[in-house]
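Hi,

As promised, here is the structure for you to open alongside this note. Have a look at it first, and then read on for what turned up.

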Amino acid sequence: MNYIDTHTHIDGEEFKDDLPEVVERCKAAGATKLFVPAINATSIESVGRVCAQYPDYCYGMLGLHPEDVKSDWEDELAIIKNSLQLPPKEGRLSSIIAIGEVGLDFYWSREFEKEQLDAFERQVEWAVELQLPLMIHCRKAQNELVKILRKYEGKLHGGVFHCFTGNVHEAQELLSFSGFNLGIGGVLTFKKSNLPHTLSEAVPLERIVLETDSPYMAPVPHRGERNDSSLIPFVIDKLSEVYDKTADEIATITTNNVKKIFPLAFT
């Protein structure tokens, strides 16, 4: 059974002491590709290093995470945009497959609400300009996020609504955007999660991709531990129950979904 992890922060400090062992474990479990999103200008280096260390296995995305949007957001975006535009020989990551991780997050605070809205829209414009998909983070901000995306509908090149945990209405609203899928990870396995119901009621399997958000959100029975891509089979097993498909069918269909959204990872 082979699968793809569309969202892992394997470049983070949490993996600095045993990254080679983690990668080997992920490969042994069936993970054939790992997609690694940047979260700010500083992380461009760590994402680039991991992608260079594991070419044709780790693929990078560049963006400014909403929780990293502060008063200096325009300076951060200038650095990120420069990295997107540089040719590989001058330092550009040669494996950039998307704009991400970007989005809106008003869960903790709305202190930088306007800055988040402006930064997100700017990066949506990049996705249109560069013809790249988006890796979108959204928490307590779907109305505002959808309003911005509607302005560019028809020009977008698809993407993923990462770490989706919403209800039927929210799923239907997000899936109204053509070419976008929902990223499903460990939360699906949590005892009190409403995701199994939402998926069965409103989300075709052809609109799902797998993810970890590692080192966070480890699935049951490893909840609370450091997450990595080798644990995705626990998510696949739960999806098998939801959709009444075999694990191999889940892995195959979700991999085909990834190929449609992120063609640069398969060229």
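**What lines the largest pocket, and what else turned up**

The lining of the largest pocket is a mix by class: 14 of its residues are nonpolar, nine are polar and nine are charged. Please keep in mind as you read that this is a predicted model.

The pocket itself has a volume of about 800 Å³. If you want to centre your view on it, go to H137, R139, H162, C163 and M217, which are the closest to its centre among the 32 lining residues. Three elements give two or more residues to this lining: strand 4 (96-105), strand 5 (134-139) and helix 6 (168-175). Strand 5 gives the most, with four residues.

There is also enclosed space to look at. The structure holds one cavity of 30 Å³ or more, and the largest cavity has a volume of about 60 Å³. Its lining is made of 13 residues, and C163, G185, G186, V187 and E211 are the closest to the centre. By class, the cavity lining divides into six nonpolar, five polar and two charged residues. You will notice C163 on both lists: it is among the residues closest to the centre of the largest pocket and among those closest to the centre of the largest cavity.

Now to the helices, beginning with helix 5, which packs with two partners described here.

With helix 6, helix 5 (residues 142-151) packs at an angle of about 15°, and the axes are 11 Å apart. Angles under 35 degrees count as roughly parallel, so helix 5 is roughly parallel to helix 6. The crossing of these two is left-handed. On the helix 5 side the contact is made by Q142, V146 and R150, and on the helix 6 side by E170, E173 and L174. Those contact residues divide into two nonpolar, one polar and three charged. Helix 6 is also one of the elements that give two or more residues to the lining of the largest pocket.

With helix 4 (residues 113-130), helix 5 crosses at roughly 35°, and the axes come within 10 Å. This crossing is right-handed. Here L117, F120, E121 and V124 of helix 4 meet E144, L145, I148, L149 and K151 of helix 5. In this contact, six residues are nonpolar, none is polar and three are charged.

How are helix 8 and helix 9 set relative to each other, parallel or perpendicular? Helix 8 (residues 232-243) and helix 9 (residues 247-261) pack at an angle of about 100°, with 8 Å between their axes. Angles of 65 to 115 degrees count as roughly perpendicular, and the two helices are therefore roughly perpendicular to each other. From helix 8, the residues in the contact are I236, D237, L239, S240 and Y243, and they meet A247, I250 and A251 of helix 9. Six of the contact residues are nonpolar, one is polar and one is charged.

Finally, a few backbone details that you may want to check on screen. The peptide bond from G100 to E101 is cis, with omega near 15°. E101 lies in strand 4, which is another of the elements that give two or more residues to the lining of the largest pocket. A second place to look is the bond that joins V220 and P221, also a cis peptide, with omega about 15°. P221 sits in the loop between strand 8 (208-210) and helix 8. That loop holds D213 as well, and D213 has a positive phi of about 60° although it is not a glycine.

If you have time for just a few views, I would begin with the pocket around H137 and R139, move on to the cavity beside G185 and G186, and then turn to the cis bond from G100 to E101.

Happy browsing, and do write back with your thoughts.

Best wishes

Notes. Residues numbered from 1 in each chain as written. Predicted model: local features only at pLDDT ≥ 70, side-chain atom pairs only at ≥ 80, totals over all residues. Heavy atoms only, no water. 1 Å grid on protein atoms, 1.4 Å probe; cavity = no way out; pocket = protein on both sides within 12 Å on 5 of 7 lines; lining within 4 Å. Points joined across faces, edges and corners; volume = space filled by probe spheres on them. Nonpolar A, V, L, I, M, F, W, Y, C, P; charged D, E, K, R; others polar. Axes fitted to C-alpha atoms, helices over the stretch in contact; angles between N-to-C directions. Parallel < 35°, antiparallel > 145°, perpendicular 65-115°, else oblique. Left-handed = near helix turned anticlockwise from the far one by under 90°. Contact = heavy atoms within 4.5 Å.
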